[in-house]
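Dear colleague,

I am handing over the structure we spoke about, with the sequence alongside. Below it you will find my notes, which I would ask you to read with the model open.

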Amino acid sequence: MKNIVPEQDRVYLPIAESNQVYPVGRVYCVGRNYAEHSKEMGDDPERDPPFFFAKDSSCVVPAGFSESTLITYPMATSQFEYEVELVIAIGKGGRNLTLQQSSEAILGYAVGLDMTRRDLQSQAKKKGRPWEVGKSFDESAPISPILLKTDLLADNVSKAEIGLKVNGDLKQISHVTNLTWSIEEVICKLSEVFELRPGDLIMTGTPENVGAVVVGDEMQAWVEHLGEIRVRVTD
């Protein structure tokens, strides 16, 4: 059989300090997984079951540790906001995973940005519509190279600082210990509604103090023990 239209290129993330790459499949995001961010979004910060939404794999922009990555200010918005997140790369699939199996499913970790057209997301929420228009758009997920999981790295990441600066000014700062649902719990819960596959990415939620950026702004996003990415907004 012959394709009737050209096939889209697949997105790959490099494995840090390796010549290997990670083929990106689905990109799952966890909503409101830091209590203080839930409060600033007007939600109850109590420990409700996590909820999930998705970005298309084409949203992913590989962002290196050693250079600034450029993303374009998106169309149809006047409120383009950052959300720094710890990203999990899945190496083993499955459904209804236990906490132990969820831990074993982790291939590695990365630093990511869940860029959001907040005005469009807010409009959709008010009308009870899906969030894709506010979340799943071109270049909305800059993500660093993946660092492969080791026992030491897993322990360090579970307690790591996570933060973001805009033009050198600190905007977001927290620790992974403040996740409402832990990394393993998120994987466990996600596997109850989707069968996970190798290649899936999970963006685990953002701390409080999300905010807007404009053309020319540069974001520095980091997770302790993983590294920092720099992402600049262009027109």
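Helices here are DSSP runs of H or I with at least four residues, strands are DSSP runs of E with at least two, and both are numbered from the N terminus. Please keep in mind throughout that this is a predicted model.

With that numbering, Gly 128 falls in the loop that links helix 3 (118-126) to helix 4 (132-135). Its relative accessible area is 65%, and because exposed means over 50%, Gly 128 is classed as exposed. From the C-alpha of Gly 128 to that of Leu 179 the distance is 26 Å, with the two positions 51 residues apart in sequence.

A second pair gives another reading of sequence and space: Phe 65 and Ile 143 are 78 residues apart along the chain, and their C-alpha atoms are separated by 9.9 Å. Phe 65 sits in the loop between strand 5 (60-62) and strand 6, and it is partly exposed, with a relative accessible area of 33%. Setting aside neighbours within four places in sequence, Phe 65 is in contact with Ser 144, Pro 145, Leu 147, Leu 226, Gly 227, Glu 228 and Ile 229.

Turning to the interior, the largest nonpolar core has 64 residues, and those with the most contacts inside it are Tyr 109, Ile 183, Leu 201 and Met 219. Strand 8 (residues 84-90) supplies the largest share of this core, namely six residues. In soluble globular proteins, nonpolar side chains tend to be buried together. Again leaving out neighbours within four places in sequence, the contacts of Tyr 109 include Leu 86, Val 87 and Ile 88, together with Pro 145, Ile 146 and Leu 147, and also Ile 183 and Leu 226.

Finally, two residues deserve a look at their backbone angles. Ala 76, although not a glycine, has a positive phi of about 70°; this residue is placed in the loop between strand 6 (68-72) and strand 7 (80-82), and its relative accessibility of 58% means that it counts as exposed. Asn 209, likewise not a glycine, has a positive phi of about 75°; Asn 209 is found in the loop between strand 15 (201-203) and strand 16 (211-212), where it is partly exposed, with a relative accessible area of 42%.

With best wishes

Technical notes: Residues are numbered from 1 along each chain as its sequence is written. This is a predicted model: local features need pLDDT of at least 70, side-chain atom pairs count only at pLDDT 80 or more; totals for chains, interfaces and linings use all residues. Side-chain values use heavy atoms; hydrogens and water are left out. Buried means under 20% relative accessible area, exposed over 50%, partly exposed in between (1.4 Å probe, protein chains only). A nonpolar core is a set of buried Ala, Val, Leu, Ile, Met, Phe, Trp, Tyr and Cys residues joined through side-chain atoms within 4.5 Å. Contact means heavy atoms within 4.5 Å.
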